[in-house]
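Biologist: I'd like to go through this model with you and ask how each label was earned. Can you walk me through the reasoning?

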Amino acid sequence: MVWENQSKNALESMPLGGGDVGLNVWVENNELLFYIGQSGTFDENNQMLKHGRVRISSEPNLFENGMSFSQELKINEGYILIKSQNTDGHIEFKLWVDVFKPVIHVEAISDIPVKLHAQYESWRFDDLEIPLGLRHSCFSYSGFPGTVTTYKDSVSFQKDAVQWYHHNKTDKLLYNFIIKQQGLEEVKDQVPNTQLNRTFGGVLYGEGMVANGTDTGKHVSTDYKAWKIKSEEPSKKHHIKLALNTGQYETLDEWGSTLNNTRLEDKSDKSAFKNTVDWWQSYWNRSYILLNTNKPNPVDSVWQVGRNYQLFRYILGCNAYGKYPSKFNGSLFTVDPIFTAKNYDWTPDFRAWGGGSFTAQNQRLVYWPMLKSGDFDLMPPQFNFYTRALSAAEARTKVYWNHEGASFTEQLENFGLPFAGGWGFDSGNRKRDPNVAFGVQTNTFVNYHYVNQLEFSLMILDYYKFSGNDISDYLPFIKSSLLFFDQHYKYRLKEETGKSLDKNGKLVFFPSTAAEMYKIAKNPSDVLSALTAILHRMLELPKKYVSKKEKEYYTGYQNRIPEIPLDIKEGHKVIKPAESWEYVANQEIPELYPVFPYGIYGIHKPDLDVAVNTYYYGESNAKRKFTACWSQVGIFAARLGLKDEAARLVIDKLDNAKNKFPAFWHSGPDWLPDVDHGGSGMINLQEMLMQTHDDSIFLFPAWPKDWDVKFKLHAPQKTVLEVELKDGKLIQLNVYPKSMRKRVRIPDWVKH
């Protein structure tokens with residue numbers, strides 16, 4: 001990825017990252033700039049704030065009147081190299097982020113002695129009230145009729161370095177607001193406080209650099225204040241660093257001590273760059289998908305699919321070790337919001353759909369592709385998001401309905417409770433409906449929506465199936481999620497009829513919802529297929545995970561699950577979204593969730609024709625036209641072996657973004673870069689290449705015969721496949737361990 005021109009603005013930035021840090025890097029008006037993002041930077045309102053922006057230039061400025069310019073993402077090694085040449089001389093900037101500690105490096109080499117000027121820029125130099133229409137970044141407060149404020153940071157010179165930090169005010173936390181709003185004061189000690197004492201910040205410094213005063217300015221439409229450092233003497237070599245620290249610290253001294261230790265550790269680490277490069281090279285070696293590489297052509301849509309798959313996987317790798325998951329709505333790489341949506345002219349901290357709140361329907365698509373890419377070490381942050389908040393989900397269940405189990409709602413704050421706007425306020429345009437039952441969200445899109453705790457349960461079980469890694473820490477979440485559905489719907493039916501089960505001894509899942517689509521639904525097909533799949537998998541686990549008594553319970557539970565509802569449409573048998581529903585809200589296809597993610601229907605499975613009929617004729621078939629963002633239509637097509645559909649849709653999904661960086665998508669209601677869009681595209685491509693069922697591995701189940709491919713993917717039981725297909729002929733098939741080779745199934749059309 002090489003650019004030969006400077007960028008117009010941050011929208012034309014290039015991602016760089018490692019560990020849990022992400023930068024947007026670009027050169028604009030002869031200055032090098034980058035935004036700094038990091039996992040876990042949640043403020044009092046649970047916004048996910050940027051650390052700030054850095055601006056660097058040289059004296060003389062070797063970007064000015066340039067005769068040549070290039071900015072290259074060295075993706076295999078994980079760094080960016082920027083070169084510029086003018087009549088005065090040549091300069092190179094190498095930017096990289098240490099994968100193993102939160103330190104950003106900017107190294108400069110020039111053929112003439114120059115001075116470097118660097119400045120840390122903050123737009124949070126004063127408290128800033130957020131207007132009512134611009135509160136989507138603190139999603140809980142969207143629609144809140146009261147005052148909401150982003151509180152200022154502390155920024156100062158520490159000798160010749162610039163230090164900044166944001167320390168959450170204890171009396172201004174969203175956590176306390178939601179506890180009171182949702183009537184949970186009596187169980188407050190069971191709700192983990194992820195905001196208390198949260199402190200994030202860092203320090204900008206450089207070898208041979210000294211403090212150079214402050215300045216003010218405006219970038220795009222946001223005022224900022226700058227704290228400046230500069231080279232004391234001209235030199236041909238410079239090294240600027242930024243060390244970061246984000247976490248929960250009772251005192252600022254504790255935070256500062258940890259930050260200082262990071263600086264000292266970095267200073268003594270002579271192998272940091274090599275270790276970072278080695279990590280990235282190992283990352284690329286464990287998995288890849290390359291298309292039409294024998295004839296690379298930037299305008300070839302198939303080649304673009306392979307290239308953009310790689311670029312997006314790079315974005316995921318930048319937050320490999322964050323304590324919090326990569327967010328579906330921008331991850332670490334959001335920029336000034338006016339470039340994404342003109343009606344959101346606000347600071348660079350803005351993103352739609354919140355920062356500390358997580359939307360499960362979207363988040364799941366970011367993490368499913370990591371199984372087949374073998375990125376198992378990237379998955380625990382998403383699992384830990386739920387295990388960390390398990391006590392909160394169980395406590396709210398007990399308070400509201402007096403039974404056991406965890407009720408995780410669709411849109412959660414990171415401490416495990418529903419976002420405040422979904423619950424509803426005392427007044428305003430998100431006023432709580434007094435007729436809504438206590439414990440239920442008033443927001444009609446997400447009320448009664450608990451199913452995604454089951455989907456993440458299945459993901460954990462697949463994580464175990466693929467990697468063999470221990471899942472002991474995650475099983476309480478899975479078991480509690482299952483328990484909730486059993487006890488809650490017995491409770492619901494008993495309230496209505498006096499009996500816990502229907503006349504056939506089955507559970508009745510009502511009131512429920514089929515995804516966000518079919519509301520006030522009875523027996524939704526996504527819920528039924530989720531429970532069917534997960535109970536089956538729990539019964540397969542060894543006794544160290546599931547006791548004999550638990551297996552007896554799960555066997556009985558299985559028998560209480562109703563059959564997935566079916567219907568006849570245009571003379572074809574199809575899956576129904578639910579047995580019944582009252583109204584339709586969104587544009588999903590929940591009746592195909594039994595195909596993905598739950599795998600009840602699919603290639604080499606019973607009643608494939610019913611699922612294919614559902615794709616073409618089902619209740620929601622018109623929604624197949626929506627393919628952007630979190631849409632998983634292409635995944636459905638691949639799972640059903642509809643190769644022409646799957647190919648068309650993956651080209652649509654992984655086509656070049658309309659931005660300078662091809663994987664910075666923004667093609668739907670989510671934020672830029674649209675991370676669940678990329679995740680959905682990755683899954684689409686993977687499922688076209690390889691699917692598994694029972695002990696068999698099926699190659700090319702939905703693959704166009706004229707697409708050449710070379711890939712390395714992972715399968716269950718720690719299996720790795722290296723495969724190359726060229727002109728319809730199998731050139732390479734390596735399977736590790738070799739004993740798994742007998743389980744690989746190759747379609748008849750492949751020559752070998």
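Modeller: Sure, and keep in mind that this is a predicted model. Let's start with the largest nonpolar core, which has 213 residues.

Biologist: Which of its members touch the most other members?

Modeller: Those are F34, F93 and F700. F34, for one, has contacts beyond its sequence neighbours that include W26, V54, I56, L95, I104, V106 and L242. Polar or charged residues turn up there too, among them N24 and R53.

Biologist: What makes V103 and W255 part of a second core?

Modeller: They belong to a separate set of eight residues, which also includes Y205 and A243. Members of a core have to be buried and joined through side-chain atoms within 4.5 Å. As a rule, nonpolar side chains in soluble globular proteins tend to be buried together.

Biologist: On to charges. Why is the pair K101 and D98 called a salt bridge?

Modeller: The N to O distance between their side chains is 2.8 Å, and the cut-off is 4 Å, so the pair qualifies.

Biologist: Are those two residues buried or exposed?

Modeller: K101 has 6% relative accessibility and D98 has 1%. Buried means under 20%, so both residues count as buried.

Biologist: How do you know that K490 and D486 are about one helical turn apart?

Modeller: Both sit in helix 11, residues 475-497, and they are four residues apart, so about one turn separates them. Their side chains meet in a salt bridge at 3.5 Å, N to O.

Biologist: Why is K490 called partly exposed, and what is D486 called?

Modeller: K490 comes out at 25%, which lies between the 20% and 50% limits, so "partly exposed" is the label. D486 is at 2%, so it counts as buried.

Biologist: And what about K569 and E619?

Modeller: Their side chains form a salt bridge at 2.9 Å, N to O. This pair links distant parts of the chain, with the two positions 50 residues apart: K569 is in strand 23 (566-569), while E619 is in the loop between helix 14 (608-617) and helix 15 (633-639). K569 is partly exposed at 25%, and E619 is partly exposed at 34%.

Biologist: Which residues end up in one network through shared salt-bridge partners?

Modeller: E31, R53, R55 and E121 do. Across the whole structure, the search finds 29 salt bridges.

Biologist: Now the backbone. What makes the bond between E59 and P60 stand out?

Modeller: It is a cis peptide bond, with omega of about 0 degrees. P60 lies in the loop between strand 5 (52-59) and strand 6 (68-74). Another cis bond joins L672 and P673, where omega is about -10 degrees. P673 is in the loop between helix 16 (643-653) and helix 17 (675-689).

Biologist: What is notable about phi at N523?

Modeller: Phi is positive there, about 50 degrees, although N523 is not a glycine. N523 belongs to strand 22, residues 518-524. Its relative accessible area is 4%, under the 20% limit, so N523 is buried.

Biologist: And why is K718 called exposed?

Modeller: Its relative accessibility is 57%, and exposed means over 50%, so K718 gets that label. K718 also has a positive phi, near 55 degrees, without being a glycine. You'll find K718 in the loop between strand 29 (709-715) and strand 30 (719-726).

Technical notes:
Residues are numbered from 1 along each chain as its sequence is written. This is a predicted model: local features need pLDDT of at least 70, side-chain atom pairs count only at pLDDT 80 or more; totals for chains, interfaces and linings use all residues. Side-chain values use heavy atoms; hydrogens and water are left out. Buried means under 20% relative accessible area, exposed over 50%, partly exposed in between (1.4 Å probe, protein chains only). Contact means heavy atoms within 4.5 Å. Lists of a residue's contacts leave out its neighbours within four places in sequence.
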